[in-house]
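User: Could you take a close look at one part of this model for me? I'd like to hear how a pair of packed helices sits together, and then a bit about the ligand site.

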Amino acid sequence: MNRSIDTNCVQAGYEPKSGEPRVLPIVQSTTYKYETSADMAKLFDFEGEGYFYTRLANPTNDAVAAKITALEGGVAGVLTASGMAATFMAVFNIVSCGDHIVSSNSIYGGTFNLFAVTMKRMGIDVTFVSPDATEEELNAAFRPNTKVMFGESIANPALTVLDIELFAKVAHAHGVPLIIDNTFATPINCRPFQWGADIVVHSTSKYMDGHACALGGAIVDSGRFDWTKYPEKYACLTTPDESYHGIVYTEKFGVEMAYITKLTAQLMRDLGPVAAPHNAFLLNLGLESLHVRIPRHCANALAVAKYLQANEDVAWVQYAGLPGDKYYERAQKYMPNGTCGVISFGLKSGRAGAEKFMAGLKLAAIVTHVADARTCILHPASTTHRQMSDQELLDAGVPGDMMRLSVGIEDVNDIIADIENALACARG
Ligand SMILES: *Cc1c(COP(=O)(O)O)cnc(C)c1O
């Protein structure tokens, strides 16, 4: 049945039969029992129905992955232990030593390091492009060995909005899939598959969980990228996997299921960053109210952004939901119902003023985390992005005076009163 995304937030992924628990059970078991070895052997051959080891599949995790897959409008998905694990596995599933990726430079700091440092050590090269690059500039970044294009729908923390349709067009012109990190927009506000993206990743630790209680990630495949059109480039999917007794993923599972099946059967088996079933349960509770929380985050953030913009102590405000913002028009196209609850801004008193301002806040807490129910704030240049050089910070759209304010779902008048008080502290 084709239900609305709001209904899917509440109900998708788990349909109990008569007499079964109404609430998704936590299957807190590493292993599963069989009558005979032959029964279990069928599972190893992908022939039987059932579970054999939680690193490869678990009923709680599968139900929550199915819900997120439904929200994104994909065909297959998997949970991971963290957002970083999701991004690494989504990319590494189809790139190897000697390959190349093209990525927006306006991305999460951890992802930047993953591409620029850790994957470089694996012999995988990256070219960073501006999220505002022209089609020509994007084309110029591609090489014959480019296997993946990557970007964030709304970048954390730069809050740039990606031209997903343009990125997808260029990626496809080079026979490469586009992977979008949709963490900040969430599928409530933006569905990257509608704009040509092929694979979506999430840090579910943010809005999806929404309460800052469980780290997690998700990977969803649209099933639309045809690996068999480029059999040499994506030989990992179109030729026998010797580590899995010669299976050819595209033949055995079809183009739609090949990517996620390989990711699970091979990478989850060998790397192991599986989601804990208990965390999947907590994530599912968060997802049940995602469609209610996100509009409130956006309404509160817009009110706060307008307040900051009108305040004479404030040097600049960036929020794509704010008319006049550099990314306002693009956000209207890709996420017309709202962007996210995160705002960045700087004070006329600069980096020193930021420190005083943050110390003056009472309701908003200073935390690393972002995108949960409680209002919180971070100074990226001195914390999450401190590994980056001044030039890298500027290139990534993270200036030294930038504060990242994650507006929660409290009463917006209390949030604004807290900011007003802290602005007075920064002045005095
Ligand atoms: C937090 C975040 C990540 C990393 O996710 P973890 O769950 O912390 O590993 C990746 N991408 C974006 C956009 C994020 O905000």
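Analyst: Here is a walk through one helix pair, followed by the ligand surroundings.

Keep in mind that this is a predicted model. Two packed helices are described by the angle between their axes and the distance between the axes, so let's start there. For helix 14 (residues 350-360) and helix 16 (residues 412-427), the axes come within 7 Å and cross at roughly 135°. Angles over 145 degrees would count as roughly antiparallel and 65 to 115 as roughly perpendicular, so helix 14 and helix 16 are oblique to each other. Their crossing is right-handed. As for who touches whom, helix 14 brings G353, K356, F357 and G360, while helix 16 answers with I419, N421, A422, L423, C425 and A426. Sorted by character, the residues of this contact come out as six nonpolar, three polar and one charged.

Now the ligand. It has 13 residues around it, and the closest are G83, N156, D181, S205 and K206. D181 puts a polar side-chain atom 2.7 Å from a nitrogen atom of the ligand. Ligand oxygen atoms get partners too: one is 2.8 Å from an N or O atom in the side chain of S203, and M84 has a backbone N or O atom 2.9 Å from a ligand oxygen.

N156 is worth a second glance, since a cis peptide bond joins N156 and P157, with omega about 5°. P157 itself sits in the loop between strand 4 (146-152) and helix 7 (164-173).

Terms used. Residues numbered from 1 in each chain as written. Predicted model: local features only at pLDDT ≥ 70, side-chain atom pairs only at ≥ 80, totals over all residues. Heavy atoms only, no water. Axes fitted to C-alpha atoms, helices over the stretch in contact; angles between N-to-C directions. Helix = DSSP H or I, 4+ residues; strand = E, 2+ residues; numbered from the N terminus. Parallel < 35°, antiparallel > 145°, perpendicular 65-115°, else oblique. Left-handed = near helix turned anticlockwise from the far one by under 90°. Contact = heavy atoms within 4.5 Å. Nonpolar A, V, L, I, M, F, W, Y, C, P; charged D, E, K, R; others polar. Near = heavy atom within 4 Å. Polar contact = N/O pair within 3.5 Å; in protein donor to acceptor, adjacent residues only side chain to side chain.
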